[in-house]
Amino acid sequence: MVKKDIQGRGITDKKVLDVMGKMPRHLFVDERLKNSAYEDYPLPIDEDQTISQPYVVALMTEVLRLKPSDRVLEIGTGSGYQAAILAEIVKEVYTIEIRKKLAEKAEKRLKEMGYKNVKVKYGDGYFGWEEYALFDAIIITAAANHIPPPLIKQLKEGGRMVIPLGSTVYSQTLILATKIKGEINLEEITSVRFVPMIGEVEKAVK
Ligand code: SAH
């Protein structure tokens, strides 16, 4: 899968390729889906949510240009797969999930897998995680129609954020936002399809 679908589609970061290649994705899905775990597409997890397509996980990780010393915030823990990928690359991962059952399951799974550098929180990621800010990078793995302002505040100067932006349920644009001199610069990466971000983001019309 990594050779054909990830390297084959243009991911070149060696660390990202290595980690994608060794991560046991089958541990993040239900027993009945294990046979599909190494196909390059999203799969259902509980509560009508999905574990992202491996290529998209690799792409979002690559564009953040992570360093081993980085502290990263993820919004949308889901299965914990993306968090585990990040945890192999950076020093600390903070991840927030709004659905309690998913947050608890992912926390247990990541603990069992031995990740000591990941903290999972049950809550609305719109507000970020003030206690541990600032972050070197922020990754949002649910679709939003605007960038939550608290996340911009919690991003370090020079920091990078990746987010699927757009209002339609069919597709969004994956955006790389870089904070330069306090201003946010946006760059379009590609078209993606994510499950919607819920909670405060739906009320805060921007
Ligand atoms: N990164 C995940 C896949 C994410 S699916 C993985 O690797 O498996 C998107 C997740 O975002 C869902 O689990 C959904 O419940 C969660 N989510 C939606 N709105 C959220 C919010 N406001 N804060 C935190 N999580 C949210």
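**Cavities and ligand surroundings**

The second largest cavity is lined by Phe28, Val29, Asp30, Ile45, Asp46, Gly78, Ser79, Leu102, Lys105, Ala106 and Arg109. By residue class, this lining comprises 5 nonpolar, 2 polar and 4 charged residues. The volume of the second largest cavity is about 70 Å³. The model is a predicted one, and 2 cavities of 30 Å³ or more are found in the structure.

The largest cavity encloses about 310 Å³ of space. Its lining consists of 27 residues, of which Gly76, Thr77, Glu97, Thr141 and Ala142 are the closest to the centre. Strand 2, strand 3, helix 4 and strand 4 each contribute at least two residues to this lining. In the lining of the largest cavity, 11 residues are nonpolar, 12 polar and 4 charged.

The largest cavity is the space taken by the ligand. Elements giving two or more residues to the shell around the ligand are strand 2 (50–51), strand 3 (71–75), helix 4 (81–89) and strand 4 (92–97). The ligand is surrounded by 27 residues, and those that come nearest are Ser79, Glu97, Arg99, Gly125 and Ile198. The shell divides into 11 nonpolar, 12 polar and 4 charged residues.

Polar atoms of the protein approach both oxygen and nitrogen atoms of the ligand. A polar side-chain atom of Arg99 is placed 2.6 Å from a ligand oxygen atom, and a backbone N or O atom of Gln82 lies 3.0 Å from an oxygen atom of the ligand. For Thr141, a polar side-chain atom is found 3.1 Å from a nitrogen atom of the ligand. Of the 580 Å² of accessible area that the ligand has on its own, the protein covers 100%.

How values were computed. Residues are numbered from 1 along each chain as its sequence is written. This is a predicted model: local features need pLDDT of at least 70, side-chain atom pairs count only at pLDDT 80 or more; totals for chains, interfaces and linings use all residues. Side-chain values use heavy atoms; hydrogens and water are left out. A residue is near a molecule or strand if one of its heavy atoms lies within 4 Å of it. A polar contact is a pair of N or O atoms within 3.5 Å; within protein, one must be able to donate a hydrogen and the other to accept it, and residues adjacent in sequence count only if both atoms are side-chain atoms. Accessible areas come from the Shrake-Rupley method with a 1.4 Å probe; for residues, only the protein chains shown count as cover. On a 1 Å grid over the protein atoms alone, a cavity is a set of points where a 1.4 Å probe fits but cannot get out, and a pocket is an open set with protein on both sides within 12 Å along at least five of seven lines; lining residues have an atom within 4 Å of a point. A molecule sits in a cavity or pocket if more than half of its atoms lie within 2 Å of its grid points. Helices (H or I, at least four residues) and strands (E, at least two) are DSSP runs, numbered from the N terminus. Ala, Val, Leu, Ile, Met, Phe, Trp, Tyr, Cys and Pro count as nonpolar, Asp, Glu, Lys and Arg as charged, and the others, Gly among them, as polar. Grid points are joined across faces, edges and corners, and a volume is the space filled by probe spheres set on the points.
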